[in-house]
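Visitor: I would like to learn how to read the sheets in a structure. Please show me the general idea and then the case at hand.

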Amino acid sequence: MGVPVGRPCFIFRLNEYNLMLRFILRRLIQAIPLLFLISLILFLILNSVGDPLSTMGGRQRVSSSDRDRLTRQLGLDQPVLNQYLFWLIGNDWLLLDTDGDGVGDRYGTRLGVLRGDLGNSFTERRPASAVIADRFAPTLLLMGTSYILTLVLALGIGVYSALRPYTLTDNTITALSFILYSMPIFWIALSLLWIFAVTFKQAGLPYLPTVGMYEPGQPVTFVEVARHMVLPVLSLSLISIAGYSRYVRSAMLEVVNADYIRTAYAKGLSGRRVLYRHALRNAALPLVTLIGLDIPFLFGGAVVTERIFAWPGMGQLFVNALDRADYPVLMGLLMLIAVLVVVFQLLTDIVYAFIDPRIRLS
Amino acid sequence: MRMKKCFVLVLTALMLMSLVFSAGAQDTKSLSLAFVQEIDSLNYGLYSSQFFSSILTSIWNSPPWVFDDNLNPVPRLATEIPSADNGGVSADGKTITIRLRDDIVWSDGTPITSADFVFTYEMFMADGNAVDSRSPYDKMDSVTAPDAQTVVVQFTDVYAPWLTSIFTQVHPQHILAPIFEADGTLDNADYNRTPTVSSGPFVVSEWQTGNYILFSRNEAYFDEPAKLDQIYVRFVPDDAAQVAALINGDVDMGIFISPDDARTLQQNGVSVVTVNSGYNEGLYFNFKADTAPTIKDLAVRQAIAYGLNRQGIVEDLLRYGDGEADHNVVATSFWYNTPWANDSLELEAYDPEIARQLLEDAGWVDSDGDGIRERDGERLSLTWATNQRTLRTQVQAVGQQQLAEIGIEVELVNLPSDIFFGSYGDANPVALGEYDFWEFSTTPGSFPDPNHVYWTCAEIPSDENPSGVNDMYLCDQELDALFAAQASNADPEARREIFQQIQQLMYDQVYWLPMWHDPDLYALSAQFSDARIAPTTQFWNSANWDAVS
């Protein structure tokens with residue numbers, strides 16, 4: 001099943017192509033019942049942990065009559081499995097009792113997730129999909145930037161470390177990695193905020209902004225957003241680089257001592273070619289698994305970092321929605337991540353097939 | 001060479017961007033407010049009950065009257081405050097007549113008339129609208145408009161707190177009626193988050209989700225135009241980040257400042273002002289029939305009153321400045337520091353000896369020498385619940401130690417807020433009577449009106465009344481009658497007298513134990529000028545706010 005010598009590994013024969021398509025299709029079909037099960041479990045858990053009406057009185061308790069009415073109007077009086085069914089397939093086929101006389105008087109308006117309607121946020125009173133969509137770009141910008149920075153630096157540091165194992169440099173990097181990795185993110189974020197924003201300003205040095213994605217009232221320019229991104233990206237990356245560089249280092253260490261690397265050297269290949277074409281490529285395999293696992297969670301945002309730097313991302317949205325038991329938004333967010341996990345697992349497997357000729361999908 | 005070209009190109013691009021940056025700085029007068037919570041809707045009352053939404057109301061939506069920083073009502077859309085003397089309140093107290101100015105307009109130039117008031121009432125009561133609260137509109141028979149400048153509100157019974165609760169926002173019929181007619185609901189109207197017209201000194205220009213809301217001066221405002229061009233409300237959820245932003249001058253106002261942060265801010269040139277919004281922190285006791293027999297003993301509650309060093313707690317944990325006035329004070333009643341307070345009540349001074357004696361006299365003695373008292377085989381062990389707010393957990397820890405010194409064992413419980421403030425119907429453990437006493441801060445429901453229903457018999461939760469708010473399960477017939485009497489009495493002086501009796505009774509029976517007066521702390525940058533923050537309509541003078549350089 002190996003790739004014939006002299007032919008690039010990514011060119012499949014037709015039957016391999018078919019195999020790949022069948023594999024993707026099979027995995028997608030397998031994912032459907034899995035996602036249903038995940039959605040049901042999440043719905044049941046969310047419904048049992050919070051009360052969306054508990055914060056609807058603001059600083060006052062919700063009155064009895066308002067609670068009764070809202071419970072009915074928001075559909076929370078229905079048994080939980082009915083609520084799940086409405087979330088799934090909508091309730092536009094059902095007469096609902098909105099005036100409380102026990103008789104259905106108005107058809108529901110929800111279409112259900114299967115028809116692309118995540119329901120309305122209980123708090124913002126607008127489609128949960130719109131609430132989530134508003135946060136998508138800022139999260140992607142923050143998390144994507146920090147992730148790319150993490151990968152690039154971790155790869156560099158990890159490889160550099162692995163090629164000089166147990167030297168003073170390697171040991172220093174190892175020590176630093178462990179220190180950074182064991183620091184809580186809120187501490188790193190707040191320290192950076194106080195040093196580079198507050199203390200620098202007070203000392204008359206060039207300083208960075210404290211909060212937000214850009215300054216309100218100022219034109220939103222690349223420089224403006226970039227200035228606001230420095231501290232949150234740095235907070236996120238410092239910890240991740242520390243962790244990732246350890247993976248890269250150990251993966252590289254394993255590979256550089258392998259027989260085929262010695263063979264490559266023996267064949268007279270240059271050190272650079274051996275490193276990049278043979279060593280790194282093989283060392284990248286466990287990293288691909290890790291990236292495949294991590295990427296879906298990037299879309300969930302960074303709860304602590306976004307909160308501290310007032311970054312308008314998914315992490316903040318998730319916490320806000322959780323605080324107020326806003327199920328439609330919470331379900332939307334969690335299901336988005338669930339779908340992405342399935343998709344990225346599939347993509348990881350496909351990428352594996354591309355970069356590792358030993359793996360085929362039959 | 002190629003690298004060099006690339007470098008020059010990037011540098012040029014950066015310089016151009018910097019130019020855009022500096023050229024964009026406009027000569028506008030603006031102030032930024034930091035909110036630790038992003039609001040859900042600007043449509044306070046119909047679709048939001050959040051404090052932060054309520055305080056923004058005076059910026060963009062004018063009610064018939066606002067309350068100034070001394071709690072005096074100041075007419076805004078109305079020509080005068082309705083009263084019995086000017087014929088605005090009927091002899092039986094059930095009919096309120098509001099007379100409107102004839103020069104009031106929405107920001108698009110459309111006159112504001114009584115039809116907008118009738119429409120607002122109808123929207124609260126429409127079955128199609130899942131509004132946050134119908135109170136007090138559900139207590140009205142009708143709202144009518146005999147002419148364009150007259151609004152007649154007919155209550156079913158006398159509703160004493162009308163002045164502080166009716167028409168806190170008025171909505172534009174000409175904008176919203178077509179939406180309601182088309183959709184059968186206003187639940188999803190864009191107006192709720194970005195109102196297209198305003199009746200306040202500012203209009204809503206933009207809401208960048210997660211970032212900020214921008215208010216710009218309402219050029220068609222019917223009163224003196226606002227001094228500021230713009231107000232930004234920035235969402236800064238983290239307390240420490242809010243403090244950093246205030247110190248750096250990135251925001252000009254912070255709200256709900258903790259005493260700890262107030263200290264830091266004052267040291268960095270940010271001023272802190274105290275606003276009494278009627279809140280008092282206190283302990284609520286469990287009187288449920290089939291649980292917690294211990295706490296129902298008056299002597300135990302009195303012993304807690306004497307055994308907790310409330311003055312010390314306030315001075316140690318709630319001090320924020322160097323001066324005498326720079327810390328909170330211990331309250332003496334639920335209506336402390338309001339015009340309705342019973343000022344004859346004296347705080348039970350911290351005295352562990354009296355506390356021990358009270359317990360001894362009631363038969364609570366430490367018979368097995370473990371430091372905790374018993375009576376008839378029952379151990380004097382109590383549970384103290386609250387949410388997870390840091391200050392409260394600190395107070396709990398101190399209180400637990402102090403009560404142990406008088407022989408009361410206390411187990412501490414900390415619940416997430418959405419569970420702690422839940423209801424019987426949601427199996428909230430507080431409402432189910434699982435704890436002996438619990439702590440939180442609140443205000444009379446329609447503050448500055450004193451009306452409150454927490455301790456009324458009708459509000460005791462049950463399977464039949466799962467939303468009842470009397471989690472204490474207290475049903476004292478005398479107290480109940482007093483609460484009912486004040487709620488249906490339109491004479492302020494008579495109500496004040498009834499409230500004196502209510503407070504005396506609650507004090508004598510220790511039905512509620514005040515912990516501290518809980519005003520809101522606001523931080524203001526040196527740039528902020530003329531911020532006369534009021535207790536209820538906080539930003540009532542936002543038209544006068546100014547930014548000084």
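Guide: What follows is a short talk about two sheets of chain B and the helices that lie across them. This is a predicted model, in which local features need pLDDT of at least 70, side-chain atom pairs count only at pLDDT 80 or more, and totals for chains, interfaces and linings use all residues. Residues are numbered from 1 along each chain as its sequence is written, and chains are lettered from A and ligands numbered from 1 in the order in which they are written.

Visitor: What is the strand order in the open sheet of 3 strands?

Guide: Helices (H or I, at least four residues) and strands (E, at least two) are DSSP runs, numbered from the N terminus. Two strands pair if DSSP finds at least two bridges between them. Here the order is S4-S6-S5 in chain B, with antiparallel pairing. At the edges are S4 (95-99) and S5 (140-147) of chain B, each pairing on one side only.

Visitor: How many bridges does S5(B) form with S6 of chain B?

Guide: The two pair over 5 bridges. Within S6(B), Thr150(B) is the bridge partner of Asp147(B).

Visitor: Which helix lies across S5 and S6 of chain B?

Guide: Two residues are in contact if their C-beta atoms, placed from the backbone, lie within 7 Å. Axes are lines fitted to C-alpha atoms, for helices over the stretch in contact, and angles run from 0 to 180 degrees between N-to-C directions. The helix is H3 (residues 114-125) of chain B, at about 160 degrees to S5(B).

Visitor: What is the order in the open sheet of 7 strands?

Guide: That order is S7-S8-S9-S1-S10-S19-S11 in chain B, with mixed pairing. S1 (residues 30-35) and S9 (residues 230-235) of chain B run parallel, joined by 6 bridges.
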